[in-house]
Amino acid sequence: MNDICLGRCCFICGAQPGSKVFNDEHVIPEWVLRKFNLFDRTITLPNGGTVKYGRFKVPCCQDCNSLMGRQIEERISKVVNAGLEAVQKLIAEGNGLEFFVWLGLIFLKVHLKDREFRIHHDLRKPDDKIGDLYDWQVLHHMHCLVRCFVNGASLEKEVFGSLGAFAAKTAGWREEFDYGDIFDAQTMLLRLGNVALVTTFNDACGAINGAMPKLEKIEGSLSEIQAREVMVDFAFMNLSLKQRPRFYTECDVGNETITEKAVMPDPFELGELNFALRGRLLRDSFGESVKQIRVAGKTQQEIEQAIDGGRFSVLVDETGTFIKQSFTPDSR
Ligand SMILES: [Zn+2]
């Protein structure tokens with residue numbers, strides 16, 4: 001925590017600045033910035049401020065950076081460039097590990113970067129940073145997974161979280177690329193063209209199991225706001241698990257091996273569902289789009305009440321049928 005979360009050491013191996021050559025790493029990988037023409041576009045921070053994607057970097061040593069490029073970025077870019085079906089096939093065949101590690105790296109970098117940004121825009125207010133609000137300890141498990149390509153740790157299948165690759169409508173979204181996350185639930189959404197990836201990192205697949213009855217109803221491509229609801233449902237299920245999996249690292253000193261393992265609750269169970277929590281997650285994730293949602297026969301106030309009540313859905317209608325004609329928020 002001192003070296004990586006609070007210090008300026010390489011975010012993968014923890015090398016001290018000055019002890020090695022550093023060539024800092026883009027938070028959003030460079031090939032994604034190129035593919036979606038994002039270098040001069042801006043990412044919106046939790047404080048409402050913006051920063052250019054091209055300048056959005058975290059400290060990384062050259063060794064880790066090159067290794068990451070060869071072992072992860074090259075392979076992922078090949079699959080993403082091949083399109084939605086290639087991504088879904090890779091995950092369905094049980095090879096989602098690379099995607100999971102890749103998404104974990106992005107999630108980690110996004111949050112490490114937040115220690116540089118002020119909570120308050122007003123310079124007369126205290127200089128607290130957004131990252132000061134994070135409990136860094138909860139990212140330990142994720143860090144153990146994402147650095148596996150450097151320390152050679154083997155990962156047991158139980159340590160993986162939920163990962164879904166959904167078809168996304170290309171028309172209507174403000175950009176071809178979108179990123180969203182819910183830190184407390186370690187859940188993120190990444191949209192790359194017609195692929196929307198939704199993942200939860202610390203649930204040992206509890207989130208996707210819990211959300212499955214609803215996910216099975218999806219019969220078409222997701223709109224922007226529908227993808228956000230899927231992210232909310234992954235997060236909601238993760239936060240509703242009755243017992244959480246526990247993760248640990250086993251070091252075999254004799255054989256010099258490291259293995260990431262999990263102690264699983266048996267069986268997987270959801271606790272009592274707190275729909276007010278789901279309401280808060282929906283409101284945060286929909287953002288400004290909330291004001292543009294229209295439902296036949298309902299006033300704006302009734303819609304907002306339904307959202308806050310936590311049972312609202314833009315994914316399925318009252319009969320449980322997938323909404324094919326989901327609305328498109330106006331561009332900001
Ligand atoms: Zn390094």
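Let me start inside the protein. Gln186 is buried, because 25 other C-beta atoms lie within 10 Å. Its phi is positive, about 45°, although Gln186 is not a glycine. Where does Gln186 sit? In the loop between strand S7, residues 177–182, and strand S8, residues 187–192. Keep in mind that this is a predicted model.

Why mention the sign of phi? Because most residues other than glycine have a negative phi. Asn37 also goes against that habit, with a positive phi near 55°. Is Asn37 buried or exposed? Exposed, because 12 other C-beta atoms lie within 10 Å, and 12 or fewer counts as exposed. Asn37 sits in a loop as well, between helix H1, 30–35, and strand S2, 42–44. So put the two side by side: Gln186 is buried, whereas Asn37 is exposed.

Now the whole protein. The secondary structure comes to ten helices and eleven strands. There are 332 residues, and a compact globule of that length would have a radius of gyration near 20 Å. The protein has 20 Å, so the two agree. The C-alpha trace spans about 65 × 50 × 40 Å along its principal axes. Buried residues make up 33% of the 332. On contacts, take the pairs at least 6 apart in sequence. Of those, 74% join residues at least 24 apart.

Next, the helices. Start with H8, residues 224–240. This helix has 17 residues. From first C-alpha to last, H8 reaches 25 Å, close to the 24 Å expected at 1.5 Å a residue. How many residues of H8 are buried? The count is 16 of 17, so H8 is mostly covered, with 20 or more C-beta neighbours as the mark of a buried residue.

Then two helix pairs. First pair: H2, residues 62–82, with H3, residues 84–92. They pack at about 125°, with axes 5 Å apart. That angle makes H2 oblique to H3. Which residues meet? From H2, Val79, Val80 and Ala82; from H3, Ala86, Val87 and Leu90. By class, that contact has six nonpolar residues, no polar and no charged.

Second pair: H9, residues 275–286, with H10, residues 300–309. Here the angle is about 120°, and the axes are 6 Å apart. H9 and H10 are therefore oblique to each other. H9 brings Phe275, Gly279, Leu282 and Arg283 to the contact. H10 brings Ile307, Asp308 and Gly309. What is the mix of classes in the contact of H9 with H10? Three nonpolar, two polar and two charged. Set that beside H2 with H3, where the contact has no polar and no charged residues.

Last stop: Cys144. This residue lies in helix H5, residues 140–146. It has 19 C-beta neighbours inside 10 Å, so Cys144 counts as partly exposed. The cut-off for buried is 20 or more, which is why 19 does not qualify. Which residues does Cys144 touch, leaving aside neighbours within four places in sequence? Ala153, Thr249 and Glu260. And Lys52? Lys52 is 92 residues from Cys144 along the chain, and their C-alpha atoms are separated by 29 Å.

To recap the residues: Gln186 is buried in its loop, Asn37 is exposed in its own, and Cys144 is partly exposed. For the helix pairs, H2 is oblique to H3, and H9 and H10 are oblique to each other.

Technical notes. Residues numbered from 1 in each chain as written. Predicted model: local features only at pLDDT ≥ 70, side-chain atom pairs only at ≥ 80, totals over all residues. Helix = DSSP H or I, 4+ residues; strand = E, 2+ residues; numbered from the N terminus. Expected span 1.5 Å × (residues − 1). Axes fitted to C-alpha atoms, helices over the stretch in contact; angles between N-to-C directions. Parallel < 35°, antiparallel > 145°, perpendicular 65-115°, else oblique. Contact = placed C-beta atoms within 7 Å. Nonpolar A, V, L, I, M, F, W, Y, C, P; charged D, E, K, R; others polar. Rg over C-alpha atoms; globule rule 2.2 N^0.38 Å.
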